[in-house]
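Hi everyone, thanks for making time for this. I'd like to walk you through one model, going from a helix to a sheet and then to the nonpolar cores. Please have it up on your screens.

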Amino acid sequence: MAVMDVDEFIFSTNWIGLEKPSKSLLEPVISVDDSVGQIYLPCYDFAPSGQTAHPPEGVCQGYTCRLKNPQRHKSLVRLNAVEPSLMNVVHHFKLKPDFKSIWTAFARINHYKYQAWSEFKIKFKRRVSAYVADWKDPINLDSKDRAPGLGVDDTEPDGWAQKYCEVKDNILQLLTARWFGVGFG
């Protein structure tokens, strides 16, 4: 089972040369020893990329820069490996004793987290309110669920459209355009 959000996409740079997608894209990621109960995938947070409104072509086409380093991870888990426990939370699972967790180098998550301000503002309120009673309260300010430097204010910061853009990364943009014919309208 993949544990991820609707604005996150599993992606492998090994797919670059493929002319079309197939049902076997994830086989190199999930073909692991039977003792592996959880596979960690690094999660890269994408930036507004100069966008001031939702890109009509979609997130993979419109958001093409990101933070340099992954900020967290997401997981693929074998359901029969997870310990039935209250110790489990969305991205961290306690495994039964015979299972282990591993990192993969075959795939990553592209997380389109920092979108155009109008969209991000809605996400920010909803996301942070899941962790604090009122997202405007100065609680958990260091949480990775808050935008760095944004604090508790819902006013668009100066230069928002250019924030968090440390690395140009349009690999998934080009790949999905080739596979699905979008983004070059």
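Let me fix the naming before we start: helices are DSSP runs of H or I with at least four residues, strands are E runs of at least two, and both are numbered from the N terminus. By that naming, Thr176 lies in helix α4, and I'll get to that residue in a moment.

This is a predicted model, so a quick word on confidence. The mean pLDDT of the protein is 85, with 86% of the residues at 70 or more. Among the elements, strand β8, residues 167–168, has the highest mean pLDDT at 97, while helix α3, residues 117–129, has the lowest at 73.

Now to α4, which covers residues 171–180. Which of its residues are buried? They are Leu172, Gln173, Leu175, Thr176, Ala177 and Trp179. The cover over the buried residues of α4 includes β2 (8–11), α2 (59–62) and β7 (108–111). After the helix comes Gly181, with a positive phi near 70°.

So what about Thr176? Thr176 counts as buried because its relative accessible area is 10%, and the cut-off is under 20%. Its side chain reaches the backbone oxygen of Leu172 at 2.9 Å. A polar atom of the Thr176 side chain also lies 3.2 Å from the backbone oxygen of Gln173. Here's a reminder that goes with this: an α-helix has 3.6 residues a turn, so residues three or four places apart point the same way.

Let's move to the sheet. Strand β3 runs over residues 36–45, and ten of its ten residues are buried. How do its partners run, parallel or antiparallel? With β6, residues 100–103, β3 is parallel and shares four bridges; Ile39 has Ile102 as its bridge partner there. With β5, residues 72–77, β3 is antiparallel and shares six bridges, and Tyr40 stands opposite Ser75. With β7, β3 is parallel again through three bridges, with Ile109 as the bridge partner of Cys43.

While we're on β5, have a look at Lys74, which lies in that strand. Is this lysine buried or exposed? Lys74 is buried, because its relative accessible area is 1%, against a cut-off of under 20%. Leaving out neighbours within four places in sequence, its contacts include Val3, Asp5, Glu8, His91 and Ile109, and also Ile39, Tyr40, Leu41 and Cys43. One of those contacts deserves a click: the side chains of Lys74 and Glu8 make a polar contact of 2.8 Å. Lys74 and Ile10 are 64 residues apart along the chain, yet their C-alpha atoms are separated by 9.7 Å.

Finally, the cores. The largest nonpolar core has 13 residues, and those with the most contacts inside it are Trp15, Tyr112, Leu172 and Leu175. The elements that give it two or more residues are α2 and α4, and α4 gives the most, with three. Beyond four places in sequence, Tyr112 touches Asp7, Phe9, Phe46, Val59, Cys60, Tyr63, Lys123 and Leu172. Apart from this core lies another, of eleven residues, among them Leu67, Tyr114, Phe124 and Trp160.

That's the tour, and I'm happy to take questions.

Technical notes: Residues are numbered from 1 along each chain as its sequence is written. This is a predicted model: local features need pLDDT of at least 70, side-chain atom pairs count only at pLDDT 80 or more; totals for chains, interfaces and linings use all residues. Side-chain values use heavy atoms; hydrogens and water are left out. pLDDT is the predictor's confidence in each residue, from 0 to 100. Buried means under 20% relative accessible area, exposed over 50%, partly exposed in between (1.4 Å probe, protein chains only). Contact means heavy atoms within 4.5 Å. A polar contact is a pair of N or O atoms within 3.5 Å; within protein, one must be able to donate a hydrogen and the other to accept it, and residues adjacent in sequence count only if both atoms are side-chain atoms. Two strands pair if DSSP finds at least two bridges between them. A nonpolar core is a set of buried Ala, Val, Leu, Ile, Met, Phe, Trp, Tyr and Cys residues joined through side-chain atoms within 4.5 Å.
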